[in-house]
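Biologist: I am new to this structure. Please pick a single part, look at it closely, and tell me what surrounds it.

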Amino acid sequence: MDALRVRVWRGAAEGAFQAFEVPRQASQTVLDVVTTIQRVLDPSLAYRFACRVGMCGSCAMTVNGVARWTCRTHVDQVARDGQLEIAPLRNLPVIRDLVADMSPFFDKWARAEGRFRGARTRHDDFERIAPQSAPRRAVDAGIECIGCAVCYASCDVVAQNPEYLGPAALNRAWTLHNDLRDVARRERLRAVAGDAGCHACHTQMGCTERCPKQLTPTASIAGLKRAAAKAWLAGEL
Amino acid sequence: MSARGETLLWLAQRASAAVLALCVTVHLATMVYAIQGGLSAAEILGRTRGHWGWLAFYATFVAAVAVHAPIGLRPVLGEWLGWRGASRDVVLAALALVLGGLGMRAVLGVFG
């Protein structure tokens, strides 16, 4: 049976790659490879996963230099000459081995007012939103984010400016901005249009290129820029 | 900087870019046209001196450059050198004044 030569990051911020040989299997995913290493070759390897089917967003890693969701990435797609290099996500602190600390990532969702704030109670009627309306379609385009941080790890603006809110938090803010039930739009625009907010995006589209759900955070960020500009012109920012 | 300030800079950057796109096109086209017949510098100056239309055009061009360049340099200084905060903005405001001043000096030189 063919063997895959795998180099895996060990340690935290300081560390080194450790080499393993892992048997090749049909339809093998990168997560399968990491799981084989942890269960068969070295049980001290730390990594994170949950659903294994591309829903939970917990297994993202850097595979041959590119951030990917490992549970849905087949080895055949990414191995170069039978070799893989697996590292934790970029732009986040490393806890140990392949486990990145997601706290800064989700803290920025909070800073971007990424929480729905409605005014209705259980005693009110439902808000009626036409499925084909422009705001609803804008929400649809960005709502399937699974919070995997692949976009965040792929963003060069985050790499250059650690305070930058990042594509996922801004995408979340854009979906809420278009949610007609939400009552905190002005506060949210203020939160995302300041220093290190949407205007810091260079439209390099690394997030859109890498998003495993094929979302376009770049378009969401552009929408926030336009919304902030309109609010400024209307004196509402 | 506040959300209002950042958004104002973004609008100014976009508006000045639109003006520059027009100005650069007209400027390049005029240069190519002007030298085709073998015009000398003296002949070109003869056409620009006292021409209020060219004065207005190049004054607009200079104003757009003075707005656009410092705003574009701002994230470069922040991301490459880690230079952020009020000191950066003061220096960039000074750069805008220098660009505007030198540019208008040149514009007035070919007008007067």
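Modeller: Two residues are in contact if their C-beta atoms, placed from the backbone, lie within 7 Å. By that test, 65% of the contacts in chain A with a separation of 6 or more join residues 24 or more positions apart. This is a predicted model: local features need pLDDT of at least 70, side-chain atom pairs count only at pLDDT 80 or more, and totals for chains, interfaces and linings use all residues. Residues are numbered from 1 along each chain as its sequence is written, while chains are lettered from A and ligands numbered from 1 in the order in which they are written.

First, the setting. Chain A has 10 helices and 7 strands (DSSP runs numbered from the N terminus: H or I of at least four residues for helices, E of at least two for strands). Its C-alpha trace spans about 65 × 35 × 30 Å along its principal axes. Of its 237 residues, 42% count as buried. Buried means 20 or more other C-beta atoms within 10 Å of a residue's own, exposed means 12 or fewer, and partly exposed lies in between.

My choice is helix H10 of chain A, residues 217-233. Start with its length. The 17 residues of H10(A) should span 24 Å at 1.5 Å a residue (taken times one less than the number of residues), and the end C-alpha atoms are indeed 24 Å apart. Next, its buried residues. Among them are A:Pro217, A:Thr218 and A:Ser220, then A:Ile221, A:Gly223 and A:Leu224. The list also includes A:Lys225, A:Ala227, A:Ala228 and A:Trp232. Just after the helix, A:Gly235 takes a positive phi of about 70°.

What do those buried residues pack against? In chain A they meet helices H4 (134-142), H5 (150-153), H7 (167-177), H8 and H9 (206-210). Helix H1 (3-36) of chain B packs there as well.

Take H8(A), residues 185-193. It packs with H10(A) at an angle of about 115°, and their axes are 10 Å apart. That makes H8(A) roughly perpendicular to H10(A) (65 to 115 degrees; under 35 is roughly parallel, over 145 roughly antiparallel, the rest oblique). From H8(A) come A:Leu189, A:Val192 and A:Ala193. Facing them in H10(A) are A:Leu224, A:Ala227, A:Ala228 and A:Ala231. By class, this contact has 7 nonpolar residues, with no polar and no charged ones.

H8(A) also meets the other chain. H8(A) and H1(B) pack at an angle of about 70°, with axes 8 Å apart. H8(A) is therefore roughly perpendicular to H1(B). On the H8(A) side, A:Leu189, A:Arg190 and A:Ala193 make the contact. On the H1(B) side, B:Ala3, B:Glu6 and B:Thr7 do. The classes here are 3 nonpolar, 1 polar and 2 charged. A:Leu189 and A:Ala193 thus appear in the contact with H10(A) and in the contact with H1(B).

Now the whole contact between the chains. It takes 12 residues from chain B and 15 residues from chain A. On the chain B side, H1 and helix H3 (52-81) each give two or more residues. H1(B) gives the most, with 7 residues. That side of chain B divides into 6 nonpolar, 3 polar and 3 charged residues.

Back to chain A, and to another neighbour of H10(A). In H7(A), 11 of the 11 residues are buried, so this helix is largely enclosed by the rest of the structure. They include A:Pro167, A:Leu170, A:Trp174 and A:His177. The cover includes helix H3 (103-111), H4, H5, H8, H9 and H10 of chain A.

One residue of H7(A) deserves a stop: A:Arg172. It counts as buried, with 26 C-beta neighbours inside 10 Å. Apart from neighbours within four places in sequence, A:Arg172 is in contact with A:Trp109, A:Ala112, A:Gly114 and A:Cys145. By contrast, the C-alpha atoms of A:Arg172 and A:Ile86, 86 residues apart along the chain, are separated by 28 Å.

Last, two loops in chain A. Most residues other than glycine have a negative phi. A:Asn64 has a positive phi near 50°. Its place is the loop between strands S3 (60-63) and S4 (66-69). A:Asn64 is partly exposed, with 15 other C-beta atoms within 10 Å. A:Asn91 also has a positive phi, near 70°. It lies in the loop between strands S5 (83-87) and S6 (94-96). A:Asn91 is buried, with 20 other C-beta atoms within 10 Å.

Methods: Axes are lines fitted to C-alpha atoms, for helices over the stretch in contact, and angles run from 0 to 180 degrees between N-to-C directions. Ala, Val, Leu, Ile, Met, Phe, Trp, Tyr, Cys and Pro count as nonpolar, Asp, Glu, Lys and Arg as charged, and the others, Gly among them, as polar.
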